[in-house]
Amino acid sequence: MHARLIHRFLQCLLVAFCVMVTMLATDLRAADDLRAMVNALGGGNFQQSQKQVEALAKTGDPKIVPALEALSEGDLYQRKTDGTVFIVKPAGSNFMLIDALTGDTAGEEAKAALEKIKVNNGLRRTIRAALGGLTLMSPETGVRLQAANTILRTPSADALDGLDTVLAAETDGAVRAVLEKARAASVLVSDLPVDEKKAAVATVVETGGRDSLSLLSSALATADESLRPDIEAGIKQIEDRQALWAAGQNIWYGLSLGSVLLLAAIGLAITFGVMGIINMAHGEMVMLGAYTTFVVQQIIRTSFPGLFDWSLAIALPLAFIVTGVVGLAIERGIIRFLYGRPLETLLATWGVSLILQQAVRSIFGPTNQEVGNPSWMSGAFDLGGMTITWNRMWIIVFSLAVFAFLLFLLKKTPMGLQMRAVTQNRRMASSMGIKTPWVDALTFALGSGIAGIAGVALSQIDNVSPNLGQGYIIDSFIVVVFGGVGNLWGTLVGAFTLGILNKFLEPYAGAVLGKILVLVLIILFIQKRPRGLFALKGRAVEA
Amino acid sequence: MITSFVLKALDRNIVWVTALLLVIAALVPALNLMTAPDHPLHIPTYIVSLFGKYLTYALLALALDLVWGFCGILSLGHAAFFALGGYAMGMYLMRQIGARGSYGNPLLPDFMVFLNWKELPLFWHGFDMFWFAALMAVLVPGLLAFVFGWFAFRSRVNGVYLSIITQAMTFALLLAFFRNDMGFGGNNGLTDFKDILGYSIQSNGTRSALFAASAIALALSLVITSGIVRSKYGKVLIGVRDAESRTRFLGYRVEHMKLFAFTVSAMMAGVAGALYVPQVGIINPGEFEPANSIEVVIWTAVGGRGTLIGPIVGAILVNGGKSIFTAAFPEFWLFALGGLFVLVTLFLPKGIVGTARQVIERRRDYHKARQAEAARALAAEPQAAE
């Protein structure tokens, strides 16, 4: 039994060896044939060369690609002594010889000993078609895609036959799409009947994109009358579609800006919206959150480099705690003495914001600190005609998650119930046994903590500097006031409305003027609805 | 009518402060110009300019006190009115440079030549005349305040909402003035001034004259605001501050009252800005920073809101402190300023002047009570003897 097994194994080995030898032999023979054919490129006139190129192309062997490319560039030379063809590179006064098939160097030779194989534009076209066909057969998708794109950029009627054969065999969707477009482009420059061209226009229009537009407009210049309307309609269609995608991209940018505004404003929606405290130090809470992220990343960088992708997850609860505690201290130390005096609160918290800014500046220095993106937050992906970066994407998701969390907290938990009770009627709540001072303190700490979490997210897209918060404070207040004080949903709608409005005004008015326009619109809006989009109704309003 | 307005305005404290201001308006320039530099009473020019600057700040704080202290409108946009007045004056000073700029263009200011502009924008016309610029320094802030206030007060935006939209207004102006296309020098603002009314802006005489002008403007504004708040209208204004709804139901047009105070206040801020710019030699969009407006509020709060004299004291004290602090320990200034905000709101809600007044009144009451008691005791004594 044992012996039989060994015997069987040896047999297999032998068969394998035989197969290998045979393959090697065919390979070698093929290489010999190829070499002969390459050598035959030299010496003849253009017609002969052209035939030879076509014959080479028929072999479908990717080894000939460098030789053909060199021929097209005028770098293919024939040695006068033995008729061998080389690719050459100038090396001083000599030529360095490179084997046309293997790409190995094969010594140097004086320039006089070599003769250039002449090339003209007709031959170049043939070569290009042949090359396109050859690389299109490459087993690697990337190479094929590149080849297809090359043809698309330089469409020619000669490439059509090759494209048809390749298309029949192509299975990869992306490559196929480009190939079809390339074919359509080639049809447009060929002298095929109008019907085929119309079909080609339809194909190009369908794929869309900026290159289609230039393709069609160049085709329009040479097209004859019967085709013109089709092309013009096609161009219009593509432009319309692009406008649509551009609008989509604008909406996306708007959502992205809106999510940033939402993050910045949502903590304020608690402190200002629910409690009625004007917290001018709110921006500094965001800044503290961002600095917490920086510190966490700094520790991770020096001590646990492997955890970098988790840095934000670690920073999140820490930022919440740090800013929450600072918020608690501010409430207990200052704000609780100022309830019912909103303007004084404004001034006192402004003072706190100055102190916090200067403290951070003294500790970390006035310059921007570098906060890195974890790998899952960098990069971008394409969605139709839009480019979407991951960090923006995650920030939108995150802002909505924070919003949902807050909503849940306020509406479904006992703490939220107490918060709402104290806000609506402090004395009644107190009579019911709710410790109103504690609820005040915790609510303020919650709002500050949320601002800190926002800081973690904003550290990913903004400069982390002591002035970080300043940039957000006015925007946040405007979002809250616009959305309607005391209403989380108002803040959500307000943030996204302002974000999208801003991004839609930007293309027409420029970034700065767009922002000014938004501010003016808000000021006018507040005249109309002094209590914001979603105003609270009832007696609480006047209190 | 005017005499009665003025006479009502002048209570004892206001007379004292006005007189003091007029005296220093005469004395400081005299000491600067007529004494030798080594004379013990000589006041160096930089001090004159520095205090001239403080006086314009005091005027700004006084303007804010009119609306905040007496009408309850916490405007976070007063630095914007100040800066607008400053820009009007800056435009006049720019036009005075004429062909002496780096590019030597007789008509266009340097930055316009730099931006390749070919002709003077329409809104720069007329600013070669001083009276026009001076008028604009008052009218432009006034007009902005009028339009803004008309919209805001009519729709009853008040309290913190008003504060926030005034801040939004300042912020919008800040962004706008940063733009080069606006035609106000963009980021760099207006600077390199040469002379004012034909006198070199650097000379001691001009500096002293500007100081005197600032002091006189402040004294005048003090009398005017004092007159306003002591008139019948002023009483209603205080009514608006303390019980807006009640005043409205008594039949007063609250929004008109507020609008008048707001507009007058903005005009005063504009005057302050116009006097400020030639003394510091530059105006740029940084003056529109929302933080500046809030700082004005703290000057007023430190000195004493609703006291008229307090804001003047507060502005000079805080800015004097700022000058000393930023020179000696620059990194601690924000701590000090922040701490000031917190401490004043917590422990000194009436400000220095307000608290001082309270103390004096209490002492007077105490004395009166003591005297009354002594008199009673005296009256009772003979009976006891019998």
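In this predicted model, the lining of the second largest pocket draws at least two residues from each of five elements of chain A, namely helix α10 (228-274), strand β7, and helices α18 (470-483), α19 (488-509) and α20 (511-528). Among these contributors, α10(A) gives the most, supplying six residues to the lining. The second largest pocket has a volume of about 590 Å³, and 26 residues line it, of which A:Leu257, A:Asp475, A:Asn502, A:Lys503 and A:Lys515 lie nearest its centre. When the lining of this pocket is divided by residue character, 15 residues are nonpolar, five are polar and six are charged.

Strand β7 of chain A, which appears in that lining, spans residues 386-389 and has two faces, a covered one formed by A:Met386 and A:Ile388 and an uncovered one formed by A:Thr387 and A:Thr389. This arrangement can be read against a general rule, since the side chains of a regular strand alternate between the two faces of the sheet. The pairing partner of β7(A) is strand β6 of chain A (residues 380-383), and the two strands run in the antiparallel sense, with four bridges between them. One of the residues involved is A:Leu383, whose bridge partner in β7(A) is A:Met386, a residue that also belongs to the covered face of the strand. The two strands form a hairpin with two residues between them, and in this hairpin A:Gly384 takes a positive phi near 60°.

Enclosed space was also examined, and by the rule applied there is one cavity of 30 Å³ or more. In general terms, rolling a probe the size of a water molecule over the atoms shows where empty space is left. The largest cavity has a volume of about 80 Å³, and its lining includes residues of both chains, with A:Glu344 and A:Leu347 from chain A and B:Trp68, B:Ala301, B:Arg305, B:Val344, B:Thr345, B:Leu348 and B:Pro349 from chain B. Helix α13 (342-364) of chain A and helix α14 (333-347) of chain B each supply at least two residues of this lining, which divides into six nonpolar residues, one polar residue and two charged residues.

A further local feature concerns B:His42, which is found in the loop between α2 (12-34) and α3 (45-71) of chain B. A polar atom of the side chain of B:His42 lies 3.5 Å from the backbone oxygen of B:Leu31. When residues up to four places away in sequence are not counted, B:His42 touches B:Leu31, B:Asn32, B:Thr35, B:Ala36 and B:Pro37.

Terms used:
Residues numbered from 1 in each chain as written. Chains lettered and ligands numbered in written order. Predicted model: local features only at pLDDT ≥ 70, side-chain atom pairs only at ≥ 80, totals over all residues. Heavy atoms only, no water. Buried < 20%, exposed > 50% of the residue type's maximum accessible area, 1.4 Å probe, protein only. Pairing = 2+ DSSP bridges. 1 Å grid on protein atoms, 1.4 Å probe; cavity = no way out; pocket = protein on both sides within 12 Å on 5 of 7 lines; lining within 4 Å. Points joined across faces, edges and corners; volume = space filled by probe spheres on them. Nonpolar A, V, L, I, M, F, W, Y, C, P; charged D, E, K, R; others polar. Polar contact = N/O pair within 3.5 Å; in protein donor to acceptor, adjacent residues only side chain to side chain. Contact = heavy atoms within 4.5 Å.
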